Protein chains: 2
Amino acid sequence: MPELRQNFFTKEWVIIATERAKRPEELATHRAAQTQPSFVESCPFCPGNESKTPPEVMRTPYGGEPWTVRVIPNKFAALSSDVQPVRSLQHLRRRVDGFGFHEVIVDSPDHAGFFPFLPDEHIASVLRVYRERYNALSRDRRVAHITIFKNHGLDAGASLQHPHSQLIATPVIPSQVRHRLYEALRHYDDVGECMFCHMVEREIGDETRIVCKSENFVAMEVFASPTPFATHIFPLRHMASFGDISDLEINDLARVLRTLLAKIYVGLENPDLNFTVRSGPAEYAGARHFHWYMSVIPRLTRVAGFELGSGMFINTVLPEAAAEFLRKVSVEKVLGAAAGK
Amino acid sequence: MPELRQNFFTKEWVIIATERAKRPEELATHRAAQTQPSFVESCPFCPGNESKTPPEVMRTPYGGEPWTVRVIPNKFAALSSDVQPVRSLQHLRRRVDGFGFHEVIVDSPDHAGFFPFLPDEHIASVLRVYRERYNALSRDRRVAHITIFKNHGLDAGASLQHPHSQLIATPVIPSQVRHRLYEALRHYDDVGECMFCHMVEREIGDETRIVCKSENFVAMEVFASPTPFATHIFPLRHMASFGDISDLEINDLARVLRTLLAKIYVGLENPDLNFTVRSGPAEYAGARHFHWYMSVIPRLTRVAGFELGSGMFINTVLPEAAAEFLRKVSVEKVLGAAAGK
């Protein structure tokens, strides 16, 4: 029997279409394993080509040579830090001049350094850079919200192959985020608890949607997932802002994120994917009602007219079946190979 | 200078990225003109193969042979009319048993009968069938919302080539629609006017985003369009429900919709696209604050991590440039060819 499920955080409905249901393995891409070279002469993100990018924002180790992670302004930035966020409203048409920051984080010097193939410690370095840029830009009073994300593969919007992440700081709060904050505040006002903390506790007790768990994080399939294998990673400690993550937690998150990405890489055969950090707006550090998380979204399906017209998605894979499938995928070989580097 | 714009109906922000801006013609697909045969032996929607589909819901002319438009249940329905919409809530997990209707409207017996190539009168027949099914299903008290849509091309989610439309009736109001209704009601309460009527009047006065106009309808690029060439067709008469469209208005809409689709077909070289009817929920027929419209969305770009993470889109084509481009596309040849059939 088909079923509609509601995402409690957004109130969005999704149709879990059991009549069209697919076994999770049917969505595998049948692609060969990744065989990128470690260095590409013409790649602007490979070492030695630093002059091909705009002047660098930062690198780790600070000012060090060779670098391990590098941050640069996006050459084709969607927003500009040279303008001021001046607002105007005329006949129901609201505009803001395009102030903002758009940065690229080059994950590693290795052209083949997709997260599953990097050592845990290296991923932790990347996450520390995320945190550093997040906190630095949060201090700018003109910044209302920061999105950190990664595009992996052409269908996920990656125009350059060299593994990199991005950060966009906007002078407004996206309406999707505003709705999520509003629902979270309403729940807190009504019930006196963070709805994310409540949900995480129940999901861990339930087990059916859990993919993997560590001391500080849990990765789970989303109950009302709009697309197959959408997976959330939640910190177990209540934290509204990603900027508050500790060094110890970063080490732990690096392992969980890498394990999850390796499971998707092996089990679904290297699908294109996005991941994103969904944090409260910059000034939400102390908020009791909100909770940041990461969202990993393999790009396995197409959006069609129903989704565009209604905003409601049809998902053909049961989240519980997706979780069971991912739990069983063995990634020792992939994780071990990187550890030996 | 880049610019952020807010959609007044949804409060969604979009980045108009002028630094990455493309001239409208750069988005053309470079595909050849469509060369589908008019009949395909193996196609379940072609005449003579009626037995390959589930038993028919209706056809026009009623019970006639040959048929001009045919409605059938979707063989792989996302929802089922055999179950009841029983709701449950347990630990923040809300579910509804998958009640609903999922119908396919076969636009014409012609396998090559994409809207730009059908006579206006035939498109009017299809729109009358939309209205008939919309009103029939609206009377079911279990139906909360109906989405009518078309997927044209593989990237737009069409799995069968024979031109067809679809209708999905759900027992819940999608949250995107709920937000739009809420904002519309708020505007009506505050200002005492339908915000859509106000916007349409201003846009017609402004002219810069108008593509074409008839006695009863106007097609315009969207001020805060999330993707290039997203175009809305608004009825000039205030009407909350698509079910209230008159026969005269349908004849007029057929011409406007066909002209717009022909302009996109010629100017952007047959891109995949979706269109959808965005109507108030079934019981909104008399609502003063809401206004139905059609949305036509060519599929020219990819959604990446920023969009998934924030819900905010980056659009690289200025809506005003898109409107100017479409206004100039001549479609006499395409429209004339069908009239001669």
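**View 1. Strand E14 of chain B, a mostly covered strand in a predicted model.** In this predicted model, strand E14 of chain B spans residues 293-298, and five of its six residues are buried. Strand E13 of chain B, which covers residues 273-278, runs antiparallel to E14(B) and is joined to it by six bridges; where these strands pair, B:Arg278 stands opposite B:Tyr293. Strand E12 of chain B, made of residues 231-235, is also antiparallel to E14(B), and three bridges join the two. Which residue of E14(B) is the bridge partner of B:Ile233? The partner is B:Met294.

**View 2. A:Leu257 in the largest nonpolar core.** The largest nonpolar core of the model holds 201 residues, and those with the most contacts inside it are A:Leu257 and B:Leu257. If residues up to four places away in sequence are left aside, A:Leu257 touches A:Phe115, A:Ile123, A:Ile233 and A:Met294.

**View 3. B:Glu203 in helix H3 of chain B.** Helix H3 of chain B runs from residue 195 to residue 206, and B:Glu203 is found in it. Is B:Glu203 buried or exposed? Because B:Glu203 has 23 C-beta neighbours inside 10 Å, and 20 or more are enough for a residue to be called buried, it counts as buried. Apart from residues up to four places away in sequence, B:Glu203 touches B:Arg209, B:Ile210 and B:Met220. B:Asn251, by contrast, is 48 residues from B:Glu203 in sequence, and the C-alpha atoms of these two residues are 23 Å apart in space.

**View 4. Strands paired across the two chains.** Strand E6 of chain A, residues 93-97, and strand E1 of chain B, residues 3-6, run antiparallel and are joined by four bridges. Within this pairing, A:Val96 has B:Leu4 as its bridge partner in E1(B).

**View 5. The contact between chain A and chain B.** On the side of chain B, 65 residues are in contact with 65 residues of chain A. The chain B residues that touch chain A divide into 31 nonpolar, 19 polar and 15 charged. Of the interface residues of chain B, 100% are also interface residues in chain A, so the copies meet through the same surface.

**View 6. The two copies laid on one another.** A turn of 180 degrees, with a shift of 0.0 Å along the axis, lays chain B on chain A with an RMSD of 0.0 Å. That is the relation of a two-fold axis. As for the predictor's own scores, the complex is given an ipTM of 0.92 and a pTM of 0.94, while chain A averages a pLDDT of 94, with 99% of the residues scoring at least 70.

Technical notes: Residues numbered from 1 in each chain as written. Chains lettered and ligands numbered in written order. Predicted model: local features only at pLDDT ≥ 70, side-chain atom pairs only at ≥ 80, totals over all residues. Least-squares fit on C-alpha atoms with pLDDT ≥ 70 in both. Contact = placed C-beta atoms within 7 Å. Nonpolar A, V, L, I, M, F, W, Y, C, P; charged D, E, K, R; others polar. Pairing = 2+ DSSP bridges. pLDDT = per-residue confidence, 0-100. Buried ≥ 20, exposed ≤ 12 C-beta atoms within 10 Å, placed from the backbone. Core = buried A, V, L, I, M, F, W, Y, C linked by C-beta atoms within 7 Å.
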